[in-house]
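Let's take a walk through this one together, starting from a single pair of side chains and working outwards to sheets, loops and empty spaces. Have the viewer open and follow along.

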Amino acid sequence: MNALRNLLFTGMICGMATGSVLSQQKDLVSYVNTLQGTNSAHELTRGNTYPTTALPFGMHTWTPQTGPNGDGWKYQYAKNKIRGFQQAHQCSSWTNDYAVFSFMPVIDNLVVNENDRATEFRHEKEIAHPHYYKVMLENAITTEMAPTERGVHLRFSFPKGHKSFLVLDGYTGLSGIEIHPAERMITGYVNNGRGFQKGWKSFFVIRFDQPFTTQGTWENKENTVQPGALNAEGQGKGAYLQFADGVTVQVKVASSYISAEQAARNLQGELGADKTLEQTKARAQKTWNEHLGRILVEGDSEEDKATFYSCFFRASLFSRKFYELDQDGKPYYFSPYDGTVHTGYMFTDTGFWDTFRAQFPLNALLHPTMHGRYVSALLDAQAQCGWLPSWSFPNEQGSMIGNHAISLLADAWVKGIHTFDPEKALEAYQHEANNKGPWGPANGRDGYKEYNSLGFVPYPKYREATAKTLEYAYDDFCGYALAKASGNEKYAKAFAEKMFNYKNVFNAATGFMLGRDENGNWKPDFDPVEWGGPYTEGNAWHWVWSVFHDIEGLKGLLGGDKAFTAKLDSVFSVPNTVKVGTYGGMIHEMTEMVMANMGQYAHGNQPIQHMVYLYNYANEPWKAQYHAREVMKRLYNATEDGYPGDEDQGQTSSWYVLSALGIYSVTPGTNEYVIGSPLFKKITLTLEDGKKFVIEAHNNAAKNVYIKKGKLNKKEYTRNFITYQDIVKGGHLYFEMSDVPAKERGLGAANQPFSVSRSPYR
C-alpha cells in the first residue's frame with residue numbers, strides 16, 4: 001500500500017483501537033471502507049465499485065460522482081473532482097445506471113454545467129462508511145450523507161461570506177421538476193435507464209430546512225437557465241436554489257417507483273422523525289452494526305477484519321429491494337416487467353451468472369426469510385413477462401449466459417426454503433430451457449434446439465457455445481434436483497440425461513472442454529490459453545472446471561484422482577500467458593489474471609472462482625485449504641485496490657466472506673458447503689432465529705492454514721463439507737490448525753462433497 005493508503009488505514013484502525021474490545025465488536029461498521037475497489041478503469045478494475053452510502057439491500061443508494069452523466073464509471077479513485085452527489089443503483093460499470101438525479105453545491109456564482117461546476121477534493125478529507133459519507137471540497141463546502149432504504153439525509157455546509165447555491169441535475173433522459181418555495185420543497189421525477197416500460201418514472205420528494213432566496217430551472221444539454229421558473233419538464237431538466245450566504249442546509253430526499261404520493265410516504269416514514277442528520281446517521285449505523293454483527297469474527301489481524309467487513313458490506317447490497325410499503329405497511333411494487341402495480345415483494349439489480357455461485361448461498365444462510373421472498377418473486381416476474389429473470393436491472397436485460405434462476409430456486413428448496421410452488425418453478429424452467437427469449441443470450445436458451453438434439457451447443461454457429469453447454473448442463477442438474485426434492489418424477493426424468501451433457505464437449509486428446517461444430521468436429525488450432533471463441537470471458541484452463549454438480553464425473557474424464565489434482569496444480573504452475581483470441585485485444589480480465597501472477601488462475605472473474613475447492617473431491621483437501629488462504633491473502637484488501645477484478649453485485653465479496661468462514665458453495669442446488677480454511681480464530685454466526693453457529697480455529701495463524709483435525713459438536717469430523725442443516729440448527733465446528741498438511745485426514749468417498757454421478761440425490 002502507498003503512503004496515503006497506509007495513513008488512511010492506520011487512522012481507521014487507531015480510531016477503533018481507542019475503545020474497549022466490546023465497543024470494537026459493536027461498531028463493526030467502522031471497519032468498512034466503502035472506497036474499497038474504487039481505483040478502477042476500463043482497462044483494469046480493482047472492483048469497479050463506488051463509495052456506496054446505503055442500508056442493507058436498500059432500494060436506493062447514494063454516492064459522490066466523479067464521472068460525467070451517463071458514464072458507467074461514476075466514481076474513480078484517480079479522479080480529483082466531484083461533480084455531484086447522486087441517487088444510484090448501478091451494479092456494474094458496464095451497464096450504466098437508472099433512476100439517477102444528483103445535487104451539487106456551488107459557491108459565489110451559479111454554475112450549472114456539470115464540467116464547470118466540478119470541484120477538486122482530496123481523499124484525506126473524505127470519510128466513506130456505509131452509514132455516513134463526508135467530504136470537504138477544496139472550495140471549503142462540506143457535504144454529508146446518511147442513508148435510509150428509499151432515501152437519504154444530506155447536509156451541505158457552505159463557507160461563511162460566500163453566496164450559496166444548490167444545483168439539482170436531472171441526469172440523462174426525461175425529467176420533471178416542480179419547485180415549492182413556500183413549502184421549502186421540490187417534487188418531480190426522472191426517467192433514465194435502458195429498456196423500461198413506457199411511462200415508467202422514479203418520483204422524488206425533496207425537503208429543505210432553509211428558505212430559498214432565489215430559485216429557477218435549467219436543462220443540462222445546452223445548460224440554459226430559466227431564473228424564477230418553478231416548473232419544467234423535458235430532457236435533462238433540473239432546478240437550482242440559492243440560500244442565505246454561508247448557510248448550512250439539511251436536505252431530506254425519498255423516491256418511489258409507484259407515485260409522487262408514495263414518495264412522500266417514503267420520506268415521512270423513513271426521515272420524518274429525524275430533525276438532524278446525526279439522528280439518521282445513528283440509526284443507519286445501528287442498522288449496519290446489527291447486520292454486520294450477524295457474523296462476528298475474532299482474531300489478531302485488524303487488517304483482515306477490515307477486509308472481511310468491507311466485503312461483507314458489498315455482499316449486503318444486492319439484490320436490491322424494489323418494493324415499497326403502502327399506507328397500511330404492506331409491501332407492493334411497480335413491476336419493471338409489465339408496468340403495473342402488484343402487491344407483494346420484488347427485488348432487482350443482480351446478474352445470476354455472477355451471483356448464483358456465492359451471493360445467494362450466503363443470503364440463504366443469513367437471511368432465509370428475505371431469500372424466500374426473493375425466490376418467490378422470481379416466479380412473479382416470470383408470470384409478468386413470460387421469462388425467468390437472468391440479469392435484472394431493474395427489468396430483464398438478458399446479459400451473460402445460462403438459466404441460473406433455476407439454481408436459486410433449487411438451492412432454496414433443498415435448504416428448506418419452501419416459499420414457492422415447485423411445479424410452477426419447473427414449468428417455468430422447462431419453458432426457459434426450450435425457447436429463446438427476446439433479450440440477450442441469457443434470456444431463454446441460446447442454441448437450445450442443437451443442445452437438445454446434439455447434446456451440446458455447436459461452435460462457431462453460436463458464440464461462447466462451450467461455456468453455454470457447461471452451464472446448461474449444470475442448470476439441468478438444478479432442474480433435476482428441484483424435481484427430485486419435490487417428488488416430481490416427470491421433470492426429474494426430463495432433466496436427468498441432459499445434466500451430463502458436459503461430457504459432450506470434453507476432448508480427451510487435450511484434456512479440456514473444446515468447441516465442436518454441428519458435425520461433431522473439434523475446433524482446430526486449439527490453444528488452452530486463448531480467450532474467447534467458445535468460452536465466455538476466459539479460456540480452456542478456466543472452463544474445464546465448470547461441472548459444479550459432477551466433479552466425480554469430471555475426474556473420470558481427466559483420468560482419476562491423481563490426474564485431476566495434477567491438472568488443478570497445473571493451473572497455478574503454468575505461465576500466466578494470454579492469447580487474446582476473438583477479443584482482438586487485452587480485456588481487463590486478462591490484465592487482472594496476469595497481474596495476479598498465479599498462473600492461469602483468474603479469480604477476477606467468476607468461471608474459476610470455485611476451482612480451489614475442488615481438491616476436496618480428490619483426496620487432497622489440504623491443497624484447497626492452502627489455496628483458499630492464498631487467494632484471500634494475495635488478492636483482497638480493504639483499500640481502493642481491494643479486489644482482483646469486477647466485484648460483480650456482491651459475488652466476489654461473497655466468495656471472500658464464505659471463504660473466510662472456511663466454507664464455499666461449489667454446488668448451489670445442494671445443501672452442502674465445501675470446507676476450506678477459516679481465516680479467523682473464532683467466527684460466530686448469529687442465525688435469523690437467534691441460534692448461534694460457532695466456527696473455532698484453534699492455533700490459527702497466517703502460516704497455520706491446514707486443518708489438523710476437526711470436530712462438529714464435540715464429535716470427530718472428517719468430512720470436507722458441511723450441510724446447510726448442520727449450520728442453521730446451531731452448533732460448534734472446531735478445527736485445530738497447523739502449518740503442516742494433514743495428508744491422512746478427509747480421505748475417501750464418504751468425506752467428499754456431492755457429485756451427482758456418485759450419489760444422484762442425497
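Start with Lys-125 and Glu-138, whose side chains meet in a salt bridge with an N to O distance of 3.2 Å. The two belong to distant parts of the chain, 13 residues apart. Lys-125 is in strand S5, residues 119–129, while Glu-138 sits in the loop between strand S6 (132–137) and strand S7 (142–147). Side chains of opposite charge can pair when their charged atoms come close. Across the structure, the count of such salt bridges comes to 37.

Before going further, a word on how far to trust what you see. This is a predicted model, and the mean pLDDT of the protein chain is 95, with 96% of residues at 70 or more. Where does pLDDT stay under 50? That happens over residues 1–24. For this stretch the model has 29 contacts beyond four places in sequence.

Now to the strands. Strands of a sheet pair through backbone hydrogen bonds, either parallel or antiparallel. Look for the open sheet of six strands, which has mixed pairing and the order S18-S30-S31-S35-S32-S33. Strand S18 (295–298) and strand S33 (715–716) stand at its edges, and each has a single partner strand, so one side of each is left without a neighbour in the sheet. For S18, have a look at how it meets strand S30, residues 682–686: the two run antiparallel and are joined by four bridges. One residue pair to pick out here is Ile-295 with its bridge partner Leu-685 in S30.

Another open sheet has three strands in the order S20-S21-S22, with antiparallel pairing. Its edge strands are S20 (324–325) and S22 (341–343), each of which pairs on one side only. Two bridges hold S20 and strand S21 (residues 331–334) in the antiparallel sense, and Glu-324 has Tyr-332 in S21 as its bridge partner.

Next, try strand S29, residues 672–675. Strand S28 (residues 663–664) runs antiparallel to S29, joined by two bridges, and Ile-663 has Ile-675 as its bridge partner in S29. S29 is also joined to strand S34 (residues 721–723), again antiparallel, this time by three bridges. There, Glu-672 stands opposite Thr-723 in S34.

A hairpin is worth a stop too. Strand S13 (residues 214–219) and strand S14 (residues 224–227) run antiparallel and are joined by four bridges. Gly-216 has Pro-227 in S14 as its bridge partner. Four residues lie between the strands of this hairpin, and Asn-223 takes a positive phi near 60 degrees.

Asn-223 brings us to backbone geometry elsewhere. Which residue has a positive phi of about 50 degrees although it is not a glycine? That is Ala-99, which you'll find in the loop between strand S3 (84–88) and strand S4 (102–107). Then there are cis peptide bonds to look at. One joins Phe-393 and Pro-394, with omega about -15 degrees; Pro-394 is in the loop between strand S25 (391–392) and helix H10 (405–414). Another cis peptide bond joins Phe-318 and Ser-319, and here the residue after the bond is a serine, with omega about 0 degrees. Ser-319 lies in the loop between helix H6 (302–314) and strand S19 (320–321).

Keep Phe-318 in view, and turn to the empty spaces. Rolling a probe the size of a water molecule over the atoms shows where empty space is left. The structure holds 11 cavities of 30 Å³ or more, and the largest has a volume of about 150 Å³. Phe-318 is among the residues nearest the centre of that cavity, along with Asn-48, Thr-49, Gln-90 and Cys-91. In total, 16 residues line the largest cavity: four nonpolar, eight polar and four charged.

The second largest cavity has a volume of about 80 Å³. What lines it? The lining residues include Leu-514, Gly-515, Lys-523 and Asp-525, as well as Phe-526, Asp-527 and Glu-530. Gly-532, Gly-533, Pro-534 and Tyr-535 belong to the lining too. By class, the lining of the second largest cavity has four nonpolar, three polar and four charged residues.

Key
Residues numbered from 1 in each chain as written. Heavy atoms only, no water. Pairing = 2+ DSSP bridges. pLDDT = per-residue confidence, 0-100. Contact = heavy atoms within 4.5 Å. 1 Å grid on protein atoms, 1.4 Å probe; cavity = no way out; pocket = protein on both sides within 12 Å on 5 of 7 lines; lining within 4 Å. Points joined across faces, edges and corners; volume = space filled by probe spheres on them. Nonpolar A, V, L, I, M, F, W, Y, C, P; charged D, E, K, R; others polar. Salt bridge = Lys/Arg side-chain N within 4 Å of Asp/Glu carboxyl O.
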